[in-house]
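Me: I keep meeting labels for side chains and I'd like to see how they are earned. Can we go through a few together?

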Amino acid sequence: GRPDIGFMTLFPDQIRSYYCDKYGNDWGRTFVEKYGKESIREILLNTEKYASDFSSKKNIDETSLPEPLRREHLRTKEDLDLIAKAIKLRKDYEKRRFSQV
């Protein structure tokens, strides 16, 4: 297989474009050679597990995620918590208004 292709898909388009400009179109293979197939394989498997756990609403082990994905996951989790709090506050407000009428 070509672990470099799977590895490259983990990066947003802008990052892939930047890496192509800086390292050439073969940057994925260069990274695999530098960091080793097993390290790249672990990143891919952890990312795949994350996607599977997320879609089945399982608890996520953030420590196994690659750093950019971990940051994005935690940011999204924080956003969802804030949205849930805002909805709860709005419901509480609506209940108070309804009981006053």
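Reply: Sure, here is some background, and then your questions.
This is a predicted model, where local features need pLDDT of at least 70 and side-chain atom pairs count only at pLDDT 80 or more, while totals for chains, interfaces and linings use all residues. Residues are numbered from 1 along each chain as its sequence is written, and side-chain values use heavy atoms, with hydrogens and water left out.

Me: Why is the pair of Tyr18 and Tyr19 called tilted?
Reply: Rings of Phe, Tyr and Trp (its six-membered ring) pair if their centres lie within 6.5 Å; planes under 30 degrees apart are stacked, over 60 edge-to-face, and the rest tilted. Here the centres are 5.9 Å apart and the planes sit at 50°, so tilted it is.

Me: And what makes Trp27 and Phe31 edge-to-face?
Reply: Their planes are 75° apart, with 5.3 Å centre to centre.

Me: Why is Tyr19 called buried?
Reply: Buried means under 20% relative accessible area, exposed over 50%, and partly exposed in between (1.4 Å probe, protein chains only). Tyr19 has 19%, so buried fits. Tyr18 has 46%, so that one is partly exposed.

Me: How do you know that Arg16 and Asp13 form a salt bridge?
Reply: The rule asks for a side-chain nitrogen of Lys or Arg within 4 Å of a carboxyl oxygen of Asp or Glu. In this pair the closest N and O atoms are 2.5 Å apart, so the label holds.

Me: What makes Asp13 exposed?
Reply: Its relative accessible area is 53%, so it counts as exposed. Arg16, at 25%, is partly exposed.
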